[in-house]
Amino acid sequence: MTHIVKILSIEKITHDVLRIVTEKPSGYDFVPGQATDVCVNKDGWKEEKRAFTFTCLPSDNHLEFTTKTYPEHKGVTNQLLQLKKNDELILHDVFGDIAYKGEGVFIAGGAGITPFISIFRDLQSKNAVGNNILIFANKTKADIIHEEFFSKLLGKNFINILSDEKAEGCANGYINEAFLKANIPSGTKHIYLCGPPPMMEAVEKILSGMKFDERAITKEGF
Ligand SMILES: Cc1cc2nc3c(=O)[nH]c(=O)nc-3n(C[C@H](O)[C@H](O)[C@H](O)COP(=O)(O)OP(=O)(O)OC[C@H]3O[C@@H](n4cnc5c(N)ncnc54)[C@H](O)[C@@H]3O)c2cc1C
């Protein structure tokens, strides 16, 4: 089933990430972490589906998407960059494998943070952030989505690693075994993993070497 929704606001929140707020169809429900396929309601783009995650709360009376844009792909996210208030998106059914299962360590790469935005907002609204840890891998400090929100919410449990830049308070390089051993507390029951496939593969290989049961890992590739 499809729903046509109007854009209520659209703005850049980093140099290449858009926050898009839309109308919410009645009865349209999701669990924090889930996504839908989105098309731009313009000639030539109505069939071009791309998956985007809801980053608002299920109880909000609007929907929010947080989308990294790739103008060089000349694809859907480049079209999103041209959109204005009152333009329309076509939404499809809700899907997605990521949902909160209990306290653990979240590992995100770039736009792979989006399911965790919704989950952490939900935990915040329930006063249940607890000892959850977020490891966020990006190229540079300017790429960190919602840095202030996560810093305030998680304090020392917000751990940043940058591959292409050295910055105060952030580790430098790619996620490796020593980094995960230093930052995943022993006894961790749940790992949540979302990011580009090469990053996911590398992290899963390290986790399996660290003897993490595959069933303890909740994941989705972007
Ligand atoms: C379940 C799920 C949820 C997701 N949620 C989000 C989210 O909330 N936010 C978010 O930002 N992303 C999210 N993603 C990722 C998002 O769907 C993709 O980034 C998006 O599809 C990119 O669309 P695009 O049309 O701009 O580019 P693409 O579909 O990647 O590419 C369009 C065309 O460009 C060409 N192309 C591909 N790579 C290159 C390249 N390197 N250089 C030049 N041309 C190229 C290809 O031929 C392709 O046909 C999610 C993905 C999944 C699976």
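This report describes two helices, the ligand surroundings and the cysteines of a predicted model.

**Helix α2**

Helix α2 comprises residues 114–125. Its 12 residues should span 16 Å at 1.5 Å a residue, and the 17 Å between its end C-alpha atoms agrees with that expectation. The helix is mostly covered, with 10 of the 12 residues buried. These buried residues are T114, P115, F116, I117, S118, I119, F120, R121, D122 and L123. The cover over them includes the strands β4 (50–53), β5 (62–68), β7, β8 (133–138) and β11, together with helix α3 (147–154). After α2 comes N127, which has a positive phi near 55 degrees.

**Helix α5**

Helix α5 covers residues 197–209, 13 residues in total. From its first C-alpha to its last it reaches 18 Å, close to the 18 Å expected at 1.5 Å a residue. Which residues of α5 are buried? They are M199, M200, V203, I206 and L207. These residues lie on the same side of α5, because the arc they cover around the axis is only 135 degrees. On the other side of the helix, P198, E201 and K205 are exposed. Among the elements that cover the buried residues of α5 are β7 (104–109), α4 (177–183), β11 (190–195) and β12 (217–221). Strands β7 and β11 thus appear in the cover of α5 and also in that of α2. Helix α5 is followed by K211, whose phi is positive, near 70 degrees.

**Ligand surroundings**

The ligand is surrounded by 20 residues, of which R50, A51, K68, V76 and T77 are the closest. The table lists polar atom pairs between the ligand and the protein.

| Ligand atom | Protein partner | Distance |
|---|---|---|
| Nitrogen | T53, N or O atom in the side chain | 2.9 Å |
| Oxygen | K68, polar backbone atom | 2.7 Å |
| Oxygen | H73, N or O atom in the side chain | 2.9 Å |

K68 therefore appears both among the closest residues and, through its backbone, in a pair with a ligand oxygen atom.

**Cysteines**

A disulfide is a covalent bond between the sulfur atoms of two cysteines. How many disulfides does a search of the whole structure find? The search finds 0. For C56, the closest cysteine sulfur is that of C194, at 16 Å, which is too far for a bond; the cut-off for a disulfide is 2.5 Å. C56 counts as buried, at 1% relative accessibility. C170 is also buried, with a relative accessible area of 15%.

Technical notes
Residues are numbered from 1 along each chain as its sequence is written. This is a predicted model: local features need pLDDT of at least 70, side-chain atom pairs count only at pLDDT 80 or more; totals for chains, interfaces and linings use all residues. Side-chain values use heavy atoms; hydrogens and water are left out. Helices (H or I, at least four residues) and strands (E, at least two) are DSSP runs, numbered from the N terminus. The expected span of a helix is 1.5 Å times one less than its number of residues. Buried means under 20% relative accessible area, exposed over 50%, partly exposed in between (1.4 Å probe, protein chains only). The arc is that of the directions from the helix axis to the C-beta atoms. Contact means heavy atoms within 4.5 Å. A residue is near a molecule or strand if one of its heavy atoms lies within 4 Å of it. A polar contact is a pair of N or O atoms within 3.5 Å; within protein, one must be able to donate a hydrogen and the other to accept it, and residues adjacent in sequence count only if both atoms are side-chain atoms.
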